[in-house]
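Hi,

Here is the structure I said I would pass on. Have a look at it first, and then read my notes underneath.

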Amino acid sequence: MPETSQAIEKIAIQLTVNGKQHSVKIEPRMLLVELLRETLDLTGTHVGCDTTYCGACTVLLNGAAVKSCTIFAVQADGAEILTVEGLEKEGQLHPVQKAFGDAFGLQCGYCTPGMMLSTVQLLSTNQQPSEQQIHKAIAGNTCRCTGYQNIVHAMQLAAESMKGATVDGD
Ligand code: FES
Ligand code: FES
């Protein structure tokens, strides 16, 4: 029987994740979400589908919200990535994390990391979003529990509490 498996050449990339630089050698077919979860052990980024629909895998890539299951890790070479683990600073919750807790913007929590990253991106460009703009910002994030109402309230609360602050929460 002929040998069908072939060694796949690995590619070296560098990227910064939550402020920390990483140099890794990876197969070109590896997805960004796999790199985050399996290689860097950042399991706060979730996988909720295999059809690029749910948004549970949302992270920020150079400040833009992306579905990390739709991007090859090699495409993030040289990029800055922010995952949910990078929101908390020195033991202090990011205002967006606090708002989701205070407004009960979650139930099972599976969608929550992605929702929060989409919120961070929205508030980085629009500190006073309308309800319609909030709906649009999370159009790519699916929640199967909450009915979205408290998520919208949490995003409004985050906007309110971050007035005048940077998206870093400072
Ligand atoms: S895991 Fe569902 S969109 Fe990425
Ligand atoms: S809180 Fe359960 S999926 Fe959103």
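Below is what I found, starting with the domains and ending with a few backbone oddities.

One thing up front: this is a predicted model, so please read everything here in that light.

**The two domains**

The chain splits into domain 1, residues 11-86, and domain 2, residues 95-161. Their centres, taken over C-alpha atoms, are 21 Å apart. On the contact side, 18 residues of domain 1 meet 14 residues of domain 2. Between them they bury about 1,200 Å², and carbon and sulfur atoms account for 56% of that area. I found zero salt bridges between domain 1 and domain 2, but seven residue pairs are in polar contact there, both partners being at pLDDT 80 or more. On the domain 1 side, the elements that contribute two or more residues are β3 (58-61) and β4 (64-67). By class, that side of domain 1 is made up of ten nonpolar residues, seven polar ones and one charged one.

**Two buried loop residues**

Asparagine 141 deserves a click. You will find it in the loop that runs between α4 (131-137) and α5 (149-161). Its relative accessible area is 5%, so asparagine 141 counts as buried, the cut-off being under 20%. The side chain of asparagine 141 makes a polar contact with the side chain of threonine 58, at 3.3 Å. Leaving aside residues up to four places away in sequence, asparagine 141 touches Cys54, Gly55, Thr58, Gly114, Met115, Ser118 and Tyr148. If you set those neighbours against the domain bounds, Thr58 falls within 11-86 and asparagine 141 itself within 95-161.

Threonine 45 is the other one, in the loop between α1 (32-39) and β3. With a relative accessible area of 2%, threonine 45 is buried too. Its contacts, again not counting residues up to four places away in sequence, are Val33, Leu36, Arg37, Ala56, Cys57, Val59, Ser68, Thr83 and Glu85.

**Helix α2**

Helix α2 covers residues 95-102, and its buried residues are Pro95, Val96, Gln97, Ala99 and Phe100. Those buried residues pack against α3 (112-125) and α5. The helix also carries a salt bridge, between the side chains of lysine 98 and aspartate 102 (2.8 Å, N to O). Lysine 98 and aspartate 102 sit four residues apart in α2, about one turn of the helix. Lysine 98 is partly exposed, with a relative accessible area of 45%, and aspartate 102 is partly exposed at 45% relative accessibility. Just after α2, phenylalanine 104 has a positive phi of about 50 degrees.

**The other salt bridges**

How many salt bridges does the structure hold? The count is three, with the lysine 98 to aspartate 102 pair as one of them. Another joins the side chains of arginine 29 and glutamate 27, at 2.5 Å from N to O. Arginine 29 is exposed, with a relative accessible area of 55%, whereas glutamate 27 is partly exposed at 24%. There is also one between the side chains of lysine 163 and glutamate 160, at 3.5 Å from N to O. Lysine 163 is partly exposed, with a relative accessible area of 47%.

**Positive phi values**

Besides phenylalanine 104, two loop residues are worth a look here. Asparagine 18 has phi near 55 degrees, which is positive even though the residue is not a glycine. Asparagine 18 lies in the loop between β1 (11-17) and β2 (20-26), and at 26% relative accessibility it is partly exposed. Glutamate 90 is not a glycine either, and its phi is positive at about 45 degrees. Where does glutamate 90 sit? It is in the loop between β5 (80-82) and α2. Glutamate 90 is exposed, with a relative accessible area of 82%.

If you open the model with just one thing in mind, I would go to the contact between asparagine 141 and threonine 58, and then look along β3 and β4 on the domain 1 side that touches domain 2.

Cheers

Note on methods
Residues are numbered from 1 along each chain as its sequence is written. Chains are lettered from A and ligands numbered from 1 in the order in which they are written. This is a predicted model: local features need pLDDT of at least 70, side-chain atom pairs count only at pLDDT 80 or more; totals for chains, interfaces and linings use all residues. Side-chain values use heavy atoms; hydrogens and water are left out. Buried means under 20% relative accessible area, exposed over 50%, partly exposed in between (1.4 Å probe, protein chains only). A polar contact is a pair of N or O atoms within 3.5 Å; within protein, one must be able to donate a hydrogen and the other to accept it, and residues adjacent in sequence count only if both atoms are side-chain atoms. Contact means heavy atoms within 4.5 Å. Domain bounds come from an automatic or database domain assignment. Buried area is the accessible area (1.4 Å probe) that two parts lose on being put together, summed over both. A salt bridge is a side-chain nitrogen of Lys or Arg within 4 Å of a carboxyl oxygen of Asp or Glu. Ala, Val, Leu, Ile, Met, Phe, Trp, Tyr, Cys and Pro count as nonpolar, Asp, Glu, Lys and Arg as charged, and the others, Gly among them, as polar.
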